[in-house]
Amino acid sequence: MIPLDEQLRPTWLFGKTVHEGCDRAGYYEQGDFAMDYNSPKCQVKIGCWGPVVNCNVTKRGWMDGLGGCPNVGGICIGCTMPGFPDKFMPFMDEPPGGKVSSTLTKAYGAMITKLRSITNTTVNKEPKWRHNKQELTTGYNPRWPN
């Protein structure tokens, strides 16, 4: 017997949220939200239900590995969930709790963005122990000259 969730759905299909596999999820973590549908950022504020909808379509795709509504520019409207469409209407309005979670995430996200910026600056430099000359050295030393 395959593993099932509480709703008796296969966990390999419904064990993760749309958000967990979304290409835009990093923007949510950083508190960077889209204000219109032409943005590559997280679409929670403009109607995406991905953080609470169980479906692996963002990883699996709809056809031939392609698709997943947020991955192709759309919002998740919860079409795989019990109670669809009534529980998820009106479409394209900010989901309940979206304002609270996005406001809290915005403060946290600003801090994460700053810390990542500091780390990015340091890791993009050659270590001093490996680079004691003006020219950039990689450490690669070919055994045979060309």
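Let me start with contacts along the chain. Among the contacts in this protein with a separation of 6 or more, 58% are between residues 24 or more positions apart. Keep in mind that this is a predicted model.

Now the secondary structure. The protein has 4 helices and 0 strands. Reading along the sequence gives the pattern α-α-α-α. Of its 146 residues, 30% are buried. The exposed area comes to about 10400 Å², and carbon and sulfur atoms supply 59% of that.

Next, the interior. Which residues make up the largest nonpolar core? There are 10 of them: Val18, Cys48, Trp49, Val53, Cys55, Val57, Ile75, Cys76, Met81 and Phe88. As general background, nonpolar side chains in soluble globular proteins tend to be buried together. Take Val18 as one member of that core. Leaving out residues up to four places away in sequence, Val18 touches Gly50, Val53, Cys55, Thr58, Pro70 and Cys76. Of those partners, Val53, Cys55 and Cys76 are also listed in the core.

Let me move to the start of the chain. Asp5 sits in the segment before H1. Is Asp5 buried or exposed? Asp5 counts as buried because its relative accessible area is 13%, and the cut-off for buried is under 20%. A polar atom of the Asp5 side chain lies 2.9 Å from the backbone nitrogen of Gln7. Asp5 also touches Thr11 and Phe14, again setting aside residues up to four places away in sequence.

Leu8 is found in that segment before H1 too, with the helix itself covering 11-14. Here the side chain is nonpolar, but Leu8 is exposed because its relative accessible area is 66%, and exposed means over 50%. Leu8 has a positive phi of about 65 degrees, although it is not a glycine. Leu8 also belongs to a nonpolar surface patch, together with Met1, Ile2, Leu4 and Trp12. That patch has an area of about 670 Å².

Last, the peptide bonds. Where is Pro85? Pro85 is in the loop between helix H3, residues 57-60, and helix H4, residues 98-123. The bond from Phe84 to Pro85 is cis, with omega near 5 degrees. Pro90 lies in the loop between H3 and H4 as well. The bond from Met89 to Pro90 is also cis, and its omega is near -5 degrees.

To recap, we have a core of 10 residues, a nonpolar patch that includes Leu8, and cis bonds leading into Pro85 and Pro90.

Definitions and conventions
Residues numbered from 1 in each chain as written. Predicted model: local features only at pLDDT ≥ 70, side-chain atom pairs only at ≥ 80, totals over all residues. Heavy atoms only, no water. Core = buried A, V, L, I, M, F, W, Y, C linked by side-chain atoms within 4.5 Å. Buried < 20%, exposed > 50% of the residue type's maximum accessible area, 1.4 Å probe, protein only. Contact = heavy atoms within 4.5 Å. Patch = residues over 30% accessible without salt bridge, like charges linked within 9 Å, V, L, I, M, F, W, Y side chains within 5 Å. Areas by Shrake-Rupley, 256 points an atom, 1.4 Å probe, with all protein chains shown as cover. Salt bridge = Lys/Arg side-chain N within 4 Å of Asp/Glu carboxyl O. Helix = DSSP H or I, 4+ residues; strand = E, 2+ residues; numbered from the N terminus. Polar contact = N/O pair within 3.5 Å; in protein donor to acceptor, adjacent residues only side chain to side chain.
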